Amino acid sequence: MISRECIVTENTFYAKTMPWVRPENVPIGQVWSRFKGRERNGEPAKNFQIRDMDEKWKKPCLDMMQETFLRDEPLCIALGIDKDPESIETIRANWEGYVLQNMSLACFTEVDGEPDELVGFNITIVKTRDDEEGDFDKIKGDSWKKLLRTLIVAEELVDLFDHYGVDSFLTSSGLTVLPKFRGQNIGARLFEARKPLCAAVGIKATATVFTAVTSQVLAAKCGYDLLAELNYTEMMKYGIDLGSCDTPSVKLMGKKF
């Protein structure tokens, strides 16, 4: 049984071209946060670090997203994405493109200052005014198209560039933590790690469509403001029935640094 209180999920939508490039003076491979966890089942608390996703960790990180995020995320469950191979293939291809920006955050246990076991991953990407959105009609996977349409409708409720007075902001295409490490506050730590990352690369705001009640509550605790809310009943006008979803709505939430 999945514990809903331990699940952190969030989403964004696909952009065909993403011209933003990480500045050369911010080398890849930096550690953005270190923290100590909690004692569990009589075992001593572990040390953790949140760092850039290096190339060698790309496959394990994306495998974890595919195995745990798609299984846990409320809209994926409601739309049966795990039974739609074409949707899974498309989502994986999107993620492969997103991580090329070298902005994603991975959480590891830490031993002697070095990363050890991968425990959590957050695909974070920079969106800019110059991004060219992909051709929605050409997207493969019926379930993914329905989920994607929901996220697009939610994000378009607010012009985030105008709202924050910026030409770029950090967003996310999913965050997950391995079940055995949930309850260690890793989701909140990943949210918080966006601040030093953004400061280093000159990004002044972050915003995400949060799809799970637990992640919406956690984001609020981390200082994210509610910018807009989309009730799932509104998606019926697009022929998308999300009545089986165990959450009532998605929330667009953000924070300016």
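# Threonines, helices and cysteines in a predicted model

The side chain of Thr150 gets to 3.0 Å from the backbone oxygen of Lys146. Keep in mind that this is a predicted model, so every value here is computed from predicted coordinates.

Let's stay with that threonine for a moment. Thr150 sits in helix α4, which covers residues 142–155. Is Thr150 buried or exposed? Its relative accessible area is 0%, so Thr150 is buried. If you skip residues up to four places away in sequence, Thr150 touches Leu75, Leu230, Tyr232, Met235, Ile240 and Leu242.

Now for the helix that carries Thr150. How do α3 and α4 meet? In general, a pair of packed helices is described by the angle between the axes and the distance between them. Here, the axes of α3 (residues 85–98) and α4 come within 7 Å, with a crossing angle of roughly 55 degrees. That makes α3 and α4 oblique to each other. On the α3 side, the contact is made by Ser87, Thr90, Ile91 and Asn94; on the α4 side, by Asp142, Ser143 and Trp144. Sorted by type, the residues of this contact are two nonpolar, four polar and one charged.

Another threonine is worth a look. Thr109 belongs to strand β5, residues 105–111. With 6% relative accessibility, Thr109 counts as buried. What does the side chain of Thr109 reach? The partner is the backbone nitrogen of Glu117, at 2.9 Å. Setting aside neighbours within four places in sequence, the contacts of Thr109 include Lys46, Asn47 and Phe48. Thr109 is also in contact with Glu114, Pro115, Asp116, Glu117 and Val119, as well as Phe181.

From β5, move on to the loop between β5 and β6 (114–128), where you'll find Asp112. Its backbone may catch your eye: Asp112 has a positive phi of about 55 degrees, although it is not a glycine. Asp112 is exposed, with 77% relative accessible area.

Asn185 is another residue to check on a Ramachandran plot. Its phi is near 65 degrees, again a positive value in a residue other than glycine. Asn185 lies in the loop between β8 and α6 and counts as partly exposed, at 35% relative accessibility. Gly183 is in the loop between β8 (168–177) and α6 (186–201) too. Gly183 is partly exposed, with a relative accessible area of 39%.

Lys83 and Glu132 bring in two further spots on the chain. Lys83 is in the loop between α2 (74–79) and α3, and at 70% relative accessible area Lys83 is exposed. Glu132 is part of strand β7, residues 132–133, and counts as partly exposed at 41% relative accessibility.

Gly183, Lys83 and Glu132 each come with a C-alpha separation, so here are the pairs side by side:

| C-alpha pair | Separation along the chain | C-alpha distance |
|---|---|---|
| Gly183 and Arg40 | 143 residues | 9.4 Å |
| Lys83 and Val209 | 126 residues | 24 Å |
| Glu132 and Phe161 | 29 residues | 15 Å |

Last up, the cysteines. How many disulfides does a search of the whole structure find? The count is zero. Why is Cys198 not bonded to Cys222? Cys222 holds the cysteine sulfur closest to that of Cys198, but the two are 14 Å apart, which is too far for a bond. A disulfide needs the two sulfur atoms within 2.5 Å. For Cys222, the closest cysteine sulfur is in Cys107, listed at 14 Å, and that is also too far for a bond. As for solvent access, Cys198 is buried with a relative accessible area of 0%, while Cys222 is buried at 13%.

How values were computed:
Residues numbered from 1 in each chain as written. Predicted model: local features only at pLDDT ≥ 70, side-chain atom pairs only at ≥ 80, totals over all residues. Heavy atoms only, no water. Buried < 20%, exposed > 50% of the residue type's maximum accessible area, 1.4 Å probe, protein only. Helix = DSSP H or I, 4+ residues; strand = E, 2+ residues; numbered from the N terminus. Polar contact = N/O pair within 3.5 Å; in protein donor to acceptor, adjacent residues only side chain to side chain. Contact = heavy atoms within 4.5 Å. Axes fitted to C-alpha atoms, helices over the stretch in contact; angles between N-to-C directions. Parallel < 35°, antiparallel > 145°, perpendicular 65-115°, else oblique. Nonpolar A, V, L, I, M, F, W, Y, C, P; charged D, E, K, R; others polar.
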